[in-house]
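Please look over the chain below before reading on. The report then takes its fold, core and largest pocket in turn.

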Amino acid sequence: MTLLIPTDFSVASQLALQYGISFLQDRKEKGEILLLNTYLLPNASPDRLIGLHDELRNKSALKLKEQVGLAQNAILDHRISFEILSRMGSFDNVIAHLAQERDR
């Protein structure tokens, strides 16, 4: 079973991750958690956009890795794996794209 858990690194999204882990542990089967963070680029000059994109992507990926590290330390269940997804775009568009991408 695969669960997609979006996060904005808030307390509420951390609780959603904990709930997802508990849900998979209760099922007693192999599971995967896709932890997703999306970000949007602010209005900026074209020469600044590339640097901003890299900076936002790196910050997102770093926070996702930290959150997964904390989750893995809190559980002893090796049947649960994690994949981090840091994507640029609106939440709705990224989810739709992921659904199409994973459905193939």
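What follows is a short report on this predicted model.

## Overall build

The model is predicted. Its chain holds 3 helices and 3 strands. Read from the N terminus, the elements run β-α-β-α-β-α.

Contacts reach far along the sequence. Take the contacts between residues at least 6 apart: 65% of them join residues at least 24 apart. Buried residues account for 30% of the 104 residues. The accessible surface is about 6,900 Å². Carbon and sulfur atoms own 55% of that area.

## Nonpolar cores

In soluble globular proteins, nonpolar side chains tend to be buried together. The largest nonpolar core here has 14 residues. Which of them touch the most other members? They are Ile5, Leu17, Ile21, Ile33, Leu35, Ile80 and Phe82. Five elements each give two or more residues to this core: β1 (2-6), α1 (11-27), β2 (31-39), α2 (46-74) and β3 (80-88). Another core, of 5 residues, lies apart from it. Its members include Leu34, Leu85, Val94 and Leu98.

Ile33 deserves a closer look. Residues up to four places away in sequence are not counted here. Ile33 then touches Leu3, Ile5, Leu17, Gly20, Ile21, Leu24, Ile80, Ser81, Phe82 and Glu83.

## Gln67

Gln67 sits in helix α2. Is Gln67 buried or exposed? Its relative accessibility is 9%, so Gln67 counts as buried; the cut-off for buried is under 20%.

What does Gln67 contact beyond its neighbours within four places in sequence? The partners are Thr7, Phe9, Gln14, Leu17 and Leu35. Two of these names, Leu17 and Leu35, also appear among the core residues that touch the most other members.

## The largest pocket

Rolling a probe the size of a water molecule over the atoms shows where empty space is left. The largest pocket encloses about 270 Å³. Its lining counts 12 residues. Which lie nearest the centre? Gln14, Leu17, Gln67, Leu70 and Ala71 do.

Helices α1 and α2 each supply at least two lining residues. The largest share, 6 residues, comes from α2. By class, the lining has 7 nonpolar, 3 polar and 2 charged residues.

## Where the parts meet

Leu17 links the topics above. It belongs to the largest nonpolar core, touches Ile33, contacts Gln67 and lines the largest pocket. Gln67 is buried, yet it too is one of the residues nearest the pocket centre. Gln14 is in contact with Gln67 and also lies among the residues nearest that centre.

Terms used:
Residues are numbered from 1 along each chain as its sequence is written. This is a predicted model: local features need pLDDT of at least 70, side-chain atom pairs count only at pLDDT 80 or more; totals for chains, interfaces and linings use all residues. Side-chain values use heavy atoms; hydrogens and water are left out. A nonpolar core is a set of buried Ala, Val, Leu, Ile, Met, Phe, Trp, Tyr and Cys residues joined through side-chain atoms within 4.5 Å. Buried means under 20% relative accessible area, exposed over 50%, partly exposed in between (1.4 Å probe, protein chains only). Helices (H or I, at least four residues) and strands (E, at least two) are DSSP runs, numbered from the N terminus. Contact means heavy atoms within 4.5 Å. On a 1 Å grid over the protein atoms alone, a cavity is a set of points where a 1.4 Å probe fits but cannot get out, and a pocket is an open set with protein on both sides within 12 Å along at least five of seven lines; lining residues have an atom within 4 Å of a point. Grid points are joined across faces, edges and corners, and a volume is the space filled by probe spheres set on the points. Ala, Val, Leu, Ile, Met, Phe, Trp, Tyr, Cys and Pro count as nonpolar, Asp, Glu, Lys and Arg as charged, and the others, Gly among them, as polar. Accessible areas come from the Shrake-Rupley method with a 1.4 Å probe; for residues, only the protein chains shown count as cover.
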